[in-house]
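Here are my notes for anyone opening this one for the first time. Have a look at the entry below, then follow the points in order.

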Protein chains: 2
Amino acid sequence: MLNDRKRKILQIIIEDYIETAEPVGSRTIARKHNLGLSPATIRNEMSDLELLGYLEQPHTSAGRVPSAQAYRLYVDSMVDSMKEEPGVLTENDMALINSWYKERIRNMDDIFKSTAKILSRMTQNVSLVLANKKSTARFKYLKFLPLSDTRAIMCIVTDDGAMDNGLIDIPAGMSSAELDYLSGKMSNLLEGRRLTEINGDLLQEVYSAVSEDEVMLASLKKAISNIAAKNSEQKVFLGGAKQLLNQPEFQDVGRVKNLLGILEEEKVVKDILNAGDDSGLKVTIGSENKFTGIKDCSMVQATYRLNGQIVGTMAVLGPTRMEYRKVIAVMNYLHKYLETILKDPK
Amino acid sequence: MLNDRKRKILQIIIEDYIETAEPVGSRTIARKHNLGLSPATIRNEMSDLELLGYLEQPHTSAGRVPSAQAYRLYVDSMVDSMKEEPGVLTENDMALINSWYKERIRNMDDIFKSTAKILSRMTQNVSLVLANKKSTARFKYLKFLPLSDTRAIMCIVTDDGAMDNGLIDIPAGMSSAELDYLSGKMSNLLEGRRLTEINGDLLQEVYSAVSEDEVMLASLKKAISNIAAKNSEQKVFLGGAKQLLNQPEFQDVGRVKNLLGILEEEKVVKDILNAGDDSGLKVTIGSENKFTGIKDCSMVQATYRLNGQIVGTMAVLGPTRMEYRKVIAVMNYLHKYLETILKDPK
DNA sequence: TGTTAGCACTCTGTATGTGTGAGTGCTAAC
DNA sequence: GTTAGCACTCACACATACAGAGTGCTAACA
């Protein structure tokens, strides 16, 4: 519905505004870009674009600023074409990312932490990374490791090779052999269950088949529910709140406070990240955001998976005047990179 | 060296300035406080106080502002008298703190997290909490839990009842009994050692007494060094960066950026917190801080211990114009409260 | 000798006015 | 359909004026 010339002019305005954060005027466009058009003509086109809802005027005699609708068009026309190309990422950028990861990966947490840092550094915006915990893991077996006369450590091994443990009370005088017998029996009865299934009732049932000690049962229940809770917990990693302050739209302290308040509430951040559906890359612009407090921001979000299962979500949050091109390029690259790493964490 | 009247006037100026963040003038003092003195007299005293280094003038015709030296005097005379009293904490405050902790303690991390949150909420400043890991724990025994034909989980139990684990490769076809034999032998040889002592060489020595498989040895080394690293790692919890923006001294975005930059660098925060000696409550005012970037801030810091050993450090960081009285009261209270909780984490 | 009233002086913050520059919309000519 | 010209608008920068709060100094007072 937009002819080529309008489209071209709109793109110039968007990119100019993204770069300078200043309203763009017709003269500026004519001067900077060799369109073969006079400012007056451009003015007419801009007037049309404003009527169509793509441009806004802060006040009568300022240049014009892209509307959310304009960004939407801009992003949509870009995302598809960028699916397979590295986009604007330079070799240098990619090398930087690679080495960054290489240096500091010791465990999963490090991966997420590094991702948050890289994202914010490369995009000059706030980054949010949500790590899901594998709540679908299945119980494999458990083992008691004696600690003292009345205490032992319960180790639970799941089928994904992970391990959790908790402290439990045992009847005084119980021998190591007895503990092994107990754990063997219980393991048999629980094998294959999801951790989340193993609630108090099931545990009671299984336990009463092998022992009667109430104290031990109670501590078992507590330890396992703790482990289950820990396993279904999501963890949030943030990066680059500082970068925000470099953006002209956040020179206003009130706005910074607002956003910082949101970022500090872990629960809110989780809600925001969980709200994104899980279909590849998603860009939410301005008031498209459902959460009050970030309605004047844009967010680019991607979900990464391992064997079809969602492992986490990463997002970049910043002003609507965001370098979408760069952000999307970085996200695409990280997305691929992460799914490779996660598949084989060496 | 200061007579009572000077001392009194200085205190009034400090507290007034802490409350209003505005330079305090002689008239204001005379009006607000019934000292029985005219502004002129107060002016004379203030002039003296300035000469003595306790007051500063932003410019000729402004009121006066306390110097770092003044805060020093103020804090010193306060800390001692507050050791045993609840200070300015209301019953309400204390009840709030208690319930806050009660609600969300599941593990150690939660304790630290809550502490950071409470500190920042109650003091309206940034809070930093450093959690030490027990690096002095001694090895008790280890155990291998088979996972697959070629992999097992190594569990290490230490004398403080904690447990760590890591994934290791085992020779294909090794039986469970063989693994038990191996772990029993190694446990005997390593018992009583500090985790940090168990380096590659020692491990090689111990291991070669029981087996020859190189692959397993390599993965053992790696797993144990990972565990040792994790155990000596310190963890940082922050809270209330948002609160800073409520302080008039942080209306300047540049200053916020500066501080935020520091807080985002985990390493720097660790350095700052580790620098504090371990003697109870410590207040560092302005340029007393050795770290560039917080030289215009004050910090109140306390170290908490369990059985004589340092478990962590908590601190409140804010402008030199800080509500020392309140901050110190909160810290004192939390300090006592935490040491109780830590002793018996129920 | 310590305290105070009076006064001139200084400096900041706010309000007000003016000029400049960038931008627009409209009209008329090409 | 495009463009030159022109009047108009508005934000911003700058200067000037002014009120308010505070100071230091001096001289008078108890």
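1. How many residue pairs are in polar contact across the interface of chain A and chain B? The rule finds 13 of them, with both residues at pLDDT 80 or more. A polar contact here is a pair of N or O atoms within 3.5 Å; within protein, one must be able to donate a hydrogen and the other to accept it, and residues adjacent in sequence count only if both atoms are side-chain atoms.

2. Some housekeeping. This is a predicted model, where local features need pLDDT of at least 70 and side-chain atom pairs count only at pLDDT 80 or more, while totals for chains, interfaces and linings use all residues. Residues are numbered from 1 along each chain as its sequence is written, chains are lettered from A and ligands numbered from 1 in the order in which they are written, and side-chain values use heavy atoms, with hydrogens and water left out.

3. Back to the two protein chains. On chain A, 38 residues are in contact (heavy atoms within 4.5 Å) with 38 residues of chain B. About 3200 Å² is buried between them, 54% of it on carbon and sulfur atoms; buried area is the accessible area (1.4 Å probe) that two parts lose on being put together, summed over both.

4. Two salt bridges cross this interface. The term means a side-chain nitrogen of Lys or Arg within 4 Å of a carboxyl oxygen of Asp or Glu. One pair to look up is Glu265(B) with Arg121(A), at 3.5 Å, N to O. On the side of chain A that touches chain B, α11(A) provides the largest share, six residues. Sorted by class, that side has 16 nonpolar, eight polar and 14 charged residues. Nonpolar covers Ala, Val, Leu, Ile, Met, Phe, Trp, Tyr, Cys and Pro, charged covers Asp, Glu, Lys and Arg, and the others, Gly among them, are polar.

5. Now the DNA. Strand C is surrounded by 23 residues, each with a heavy atom within 4 Å of the strand; the closest are Ser26(A), Arg64(A), Arg5(B), Thr41(B) and Ser61(B). Sugar and phosphate make up 71% of the atoms of DNA strand C that come within 4 Å of the protein. By class, the nearby surface has four nonpolar, 14 polar and five charged residues, and α3(B) gives the most to it, with four residues.

6. Three spots on strand C are worth zooming in on. A polar side-chain atom of Thr28(A) sits 3.0 Å from a phosphate oxygen. A backbone N or O atom of Ala62(A) is 3.4 Å from a sugar or linking oxygen. For a base, try Arg43(B): an N or O atom in its side chain lies 3.4 Å from a base oxygen.

7. Over all chains there are 34 salt bridges. In chain B, Arg64(B) and Glu50(B) pair up at 2.7 Å, N to O. Arg64(B) lies in the loop between β1 (55–56) and β2 (65–66) and Glu50(B) in helix α3, so the pair ties together parts 14 residues apart in sequence. Arg64(B) is buried (under 20% relative accessible area, 1.4 Å probe, protein chains only) at 12%, while Glu50(B) is partly exposed (between that and the over 50% of exposed) at 26%.

8. Finally, try helix α12 of chain A. Lys267(A) and Asp271(A) form a salt bridge there at 3.1 Å, N to O, and they are four residues apart, about one helical turn. Lys267(A) is exposed at 57%; Asp271(A), at 35%, is partly exposed.

Conventions. Helices (H or I, at least four residues) and strands (E, at least two) are DSSP runs, numbered from the N terminus.
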